[in-house]
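I opened my notebook today to look around a new structure. Here is what I looked up, one entry at a time.

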Amino acid sequence: MANTSGKRVRSISYAKYGYLFILPFFVIYIVFQIYPLFNTFYLSTQSNGTTQTEFVGMDNFKALMIGENATISHGDNAGNKGGRAWRAANGDFKRVMGNTIMLWVGNFIPQILISLVLAAWFTNSLLKIKGKSVYKILMYLPNIITAASSAALFVMLFSGTEFGAINNLLLKWGWIHDPIPFVTGVSQSRVMIMIIQTWMWYGNTTIMLMSGIMGINGSFFEAASIDGATMTQQFFRITLPLLRPILLYTVVTSMIGGLQMFDMPYLYKNGTQITKHVETVAVYIYNHFHSAISPNYGYSAAASVLLFILTAILGAFAFKMNRDKDQKHLKRKKQNKLL
Amino acid sequence: MSVSMSKEKAKIGSLRAKDIIITAIIVIICVVSILPLYILIVNSTRAGQDITSNGVSLIPGLNLFKNIGTLQDWTSTGKVEYNALTGYVNSGIIALSTTFLTVLFSGMTAYGIVVYDFKLKNAAYTFILAVMMIPVQVTSVGFYQFMAKIGLTDSYIPLILPAIAAPAIVFFMRQSMKSTFPLEIVEAARIDGCGEYRTFFTIAIPMMKPAFAVQAIFAFVSNWNNYYMPSMILISRNKSQMTLPMMVNTILSNDKLADFGAKYAAIMLSIVPVVIVYLIFSKFIVEGVALGGVKE
């Protein structure tokens, strides 16, 4: 009791420094993040095309979600209707969201399976695996490499002509007669992006799951092996159930990451080729606002708002889990002190 | 007796076999992981016509410097917008200054929240937790339009200054300060007449060096690798301003360049610095990932 009251007296004189230390963060955050966020909300209700802005209510959302040709009446100036000043959105959000989900699921499932098995092996005390730290370093390496460079490398390797390295090899071996369009083909490019994403992220997920498994009380595994449980039994009966919160957290954070997927879907292509079949939400947003001549701020901003809502729902889960982790951490600390 | 012994032996034997099989699988996965990079390095040393006739080889050639020479010719004749040295300098300026700002100000913010008691302390921390997950894509329309309006496109300011506010890094720094930084030291410093800022700069930062180092490495790598922000802001694509990832991207959009050796060399040059940084700090990085949540 006396202690807390003492603290209160002290805190009065130093509180000002608390504000001063956190001030730069908040000033910059408000200017460069909060204001742009509100600006995005505002722009989502404005028209598209040249710099003229006109209030169009929820029309951008309607155009994105349902798609309609009626939006044309809201063009920047009537004379530009038929021109290429702006592109109409015809229920685009369904398409780009579909692409995003497909690409995310397609990379997450193989990634989590590989990572779970690897993490279980790496942490199993019965197994004697030499050089674990080297393997971990190699597995994480793809994640550290500039995505633009990885994309360029894979486009070179998988280029769709007979000169592309992989096609060249397959032709030479006689496995195929015509080069496969790994970069331009609809399903081929989707699968390639899933593979590249898996390649980039499985090391990260493995390391995160390993630290999760190592947090499980070792005596469970000891008791199980004394009772004669096999490795597989231990994995399904102990590791998986106890890892559930961490797995869930991994799924949620990966989903949030997946919703933002930009680099690979945007960069894995031949030059200026248009790749609608791998256009994710983030790529769509970027393509629409990033035009010096006639940015479609309206559609872009409306898609951003929809993305924001989805992220906020997922983020709320992650937030809650972080909070719980914090509280558990505190509890454990208290217990340690008692011990 | 002997029966149980042999049983035991068999068990150990099967375990050994398991060790070998599992190690082999892991080695194969690692090889597959680095194979694309190995082929990249090998191809950057091979002559262009060799690559066109035989795309994949495991044996390096002797043409690395010739390929880099070809690349330089392309640069000087204006065929490509790729210039590794300019790219290193530009990406370096952005990555180093963002890293410095991010680590310093995130450290300050975390310190302010951990060390001091003030009315809005919990509100401030809750806010940071809440905004941590907001993806950059959500705000980028508003951000870009705002920058275009005040004439800051084609400038490094919008790429560097926002680094002062990095919620995720504040979060991790707060976690590690909470668990490793004893507040008694602040008390002691006050009694000795040390000012608050001096305490932070001369006592807290040196003590928190490991945490700062991990965050600095991650900040550096992710800013060096960033394609999204620079390509959004540097809209005129000035050769003298472009970052390395942007330059690599221009290599692909040019179909007239026939020499594959030089193209591979260009990609290789773009990943060398980051791979070197990674190999030097790999232990920190892997540990940092284990701490959780460093996801882009």
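My entries below go from chain A as a whole to single pairs and then to single residues.

**Entry 1: chain A as a whole**

I began by noting that this is a predicted model. I then asked how many helices and strands there are in chain A. I found twelve helices and zero strands. Reading along the sequence, I wrote the pattern down as α-α-α-α-α-α-α-α-α-α-α-α.

Next I looked up burial. Chain A has 339 residues, and 54% of them count as buried. For the surface, I noted an accessible area of about 16400 Å² for chain A. Carbon and sulfur atoms hold 65% of that area.

I also checked how far along the sequence the contacts reach. Among contacts in chain A with a separation of 6 or more, 68% are between residues 24 or more positions apart.

**Entry 2: a salt bridge between distant parts of chain A**

I counted salt bridges next, and the structure has seven over all chains. I picked one of them, the pair A:Arg95 and A:Glu279, whose closest N and O atoms are 3.0 Å apart. Where do A:Arg95 and A:Glu279 lie in chain A? I found A:Arg95 in helix H3 (residues 92–123), while A:Glu279 sits in the loop between helix H10 (263–267) and helix H11 (281–289). The two are 184 residues apart, so I noted that this pair links distant parts of the chain.

Is each partner buried or exposed? A:Arg95 is partly exposed, with a relative accessible area of 26%. A:Glu279 has a relative accessible area of 8%, so I listed it as buried.

**Entry 3: two salt bridges within helices of chain B**

In chain B I looked at B:Arg16 and B:Asp19, which form a salt bridge with their closest N and O atoms 3.6 Å apart. Both are in helix H1 (residues 2–44). They are three residues apart there, so about one helical turn separates them. B:Arg16 counts as partly exposed at 41% relative accessibility, whereas B:Asp19 counts as buried at 5%.

Then I turned to B:Arg190 and B:Glu187, a salt bridge with 3.7 Å between the closest N and O atoms. This pair belongs to helix H9 (residues 184–191) of chain B, again with three residues, about one turn of the helix, between one partner and the other. Here B:Arg190 counts as buried at 15% relative accessibility, and B:Glu187 counts as partly exposed at 26%.

Back in chain A, I added a note on shared partners: salt bridges join A:Asp92, A:Arg95 and A:Glu279 into one network.

**Entry 4: positive phi values in chain B**

My last search was for phi angles. Which value does phi take at B:Asp154? I read it as near 60 degrees, a positive value in a residue other than glycine. B:Asp154 is in the loop between helix H6 (136–149) and helix H7 (157–160) of chain B. Its relative accessibility is 21%, so it counts as partly exposed, the cut-off for buried being under 20%.

I wrote down B:Arg237 as well, where phi is near 55 degrees, also a positive value in a residue other than glycine. B:Arg237 lies in the loop between helix H12 (228–233) and helix H13 (244–252) of chain B. At 27% relative accessibility, B:Arg237 counts as partly exposed.

How values were computed:
Residues numbered from 1 in each chain as written. Chains lettered and ligands numbered in written order. Predicted model: local features only at pLDDT ≥ 70, side-chain atom pairs only at ≥ 80, totals over all residues. Heavy atoms only, no water. Helix = DSSP H or I, 4+ residues; strand = E, 2+ residues; numbered from the N terminus. Buried < 20%, exposed > 50% of the residue type's maximum accessible area, 1.4 Å probe, protein only. Contact = heavy atoms within 4.5 Å. Areas by Shrake-Rupley, 256 points an atom, 1.4 Å probe, with all protein chains shown as cover. Salt bridge = Lys/Arg side-chain N within 4 Å of Asp/Glu carboxyl O.
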